[in-house]
Amino acid sequence: MPQIPKWLADTMITVANPWLRQAVVANIAMITDELKQVTFKGDFDHENFLPGKIVQFRVDDTSFRHYTLSSFNKQQGLCTVLFYLHGKGPGSQWASSLQEGQHVKFRSGEGKLQYNLQAKHHFFFGDETSIGLFNWYKTTALACSHEYFGVLELQPQHEPALPALKIMVDSVHTTMDAPAVNAIIWMEDMHPDCWANWKGATFYLAGRAMSISRFKKYLLDKGVEAKQIRTDAYWADGKKGL
Ligand SMILES: Cc1cc2nc3c(=O)[nH]c(=O)nc-3n(C[C@H](O)[C@H](O)[C@H](O)COP(=O)(O)OP(=O)(O)OC[C@H]3O[C@@H](n4cnc5c(N)ncnc54)[C@H](O)[C@@H]3O)c2cc1C
């Protein structure tokens with residue numbers, strides 16, 4: 001429900017108020033010019049947020065948008081979201097305007113992408129919008145002595161975000177007219193011994209719908225089983241607020 005009449009949005013907020021989490025913006029860090037890491041502080045004593053947790057903010061009078069937690073510290077009452085400020089919609093504008101000290105309310109829900117604790121190998125594919133998700137997955141993989149690897153489609157100016165967040169995956173340049181193509185070329189360049197190590201991994205595909213669809217087909221054609229692939233489309237060309 002990305003956009004609804006204001007009266008309905010007001011009613012939903014009033015009805016859902018007892019279940020809404022309240023928090024204050026405790027810290028802001030610009031990872032790159034368009035990747036804004038926002039730390040929220042709240043009373044999360046009774047929360048058990050797990051990697052992949054989705055949050056939903058009301059971003060203007062009539063619109064709600066989904067984001068993913070990129071970390072959670074229950075003891076300190078802190079959670080973070082990494083917002084990609086693409087500048088094309090109210091969600092991005094709202095995230096740009098967030099300032100330290102600002103109070104926010106959000107709804108939280110299970111994400112489609114759950115970290116597979118049974119797997120030893122975890123492969124990430126996504127873009128700017130899924131760096132936050134993979135940041136928490138990376139922390140989880142390290143804590144479980146699992147291995148992770150992957151490739152993200154990023155605009156060149158956002159590549160420094162990966163080393164800055166110590167996410168040890170590769171990146172290729174985004175091509176708007178050829179979704180996933182550079183990532184598939186990158187996969188084809190992978191040494192056969194490396195692929196032998198990773199072909200049994202759990203594959204997490206999150207971000208642009210068209211890229212996910214092409215990359216998933218590529219993996220299936222390469223012999224990866226459908227049950228190994230977990231997907232969540234975070235945005236689609238020309239569509240508002242998935
Ligand atoms: C479950 C879920 C979790 C998500 N987690 C995150 C997260 O942690 N961080 C994050 O930054 N985003 C995340 N997103 C994506 C975010 O909700 C979308 O990018 C959303 O479209 C932003 O809303 P908006 O109002 O700025 O743009 P909208 O009004 O929704 O869209 C306006 C236009 O912008 C285009 N657009 C949307 N996203 C992008 C993009 N990334 N690149 C280029 N064009 C785009 C749309 O196609 C449309 O044409 C998540 C989405 C979902 C569904």
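In the predicted model, helix H3 (residues 131-143) lies across strand E2 (35-42), E4 and E5 and runs at about 25° to E4. H3 also lies across strand E7 (121-126), strand E8 (147-154) and E10, and here the helix runs at about 170° to E7.

The strands E2, E4 and E5 belong to a barrel that 6 strands close in the order E1-E2-E5-E4-E3-E6, with antiparallel pairing. From one strand to the next, the twist averages 45°. Within the barrel, E4 and E5 run antiparallel and are joined by 4 bridges. Ser 71 stands opposite Thr 80 in E5.

The strands E7, E8 and E10 belong to an open sheet of 5 strands, which has the order E9-E8-E7-E10-E11 and parallel pairing. Strand E9 (170-173) and E11 are its edge strands, each pairing on one side only. With direction ignored, neighbouring strands of this sheet are turned by 10° against each other on average. Strand E10 (residues 202-208) pairs with E11 in the parallel sense over 6 bridges, and Gly 207 stands opposite Ala 233 in E11. Helix H7 (residues 209-221) lies across E7, E8, E10 and E11, at about 155° to E10.

The ligand is surrounded by 29 residues, of which Tyr 84, Lys 88, Gly 89, Gly 91 and Ser 92 come nearest. At least three residues of this shell come from each of domain 1 (6-109) and domain 2 (121-235). Strand E4 (64-73), strand E5 (78-84), helix H2 (90-97) and strand E11 (229-235) each supply at least two residues. By class, the shell has 11 nonpolar, 11 polar and 7 charged residues.

How values were computed. Residues numbered from 1 in each chain as written. Predicted model: local features only at pLDDT ≥ 70, side-chain atom pairs only at ≥ 80, totals over all residues. Near = placed C-beta within 6 Å. Nonpolar A, V, L, I, M, F, W, Y, C, P; charged D, E, K, R; others polar. Domains from an automatic or database assignment. Pairing = 2+ DSSP bridges. Axes fitted to C-alpha atoms, helices over the stretch in contact; angles between N-to-C directions. Contact = placed C-beta atoms within 7 Å.
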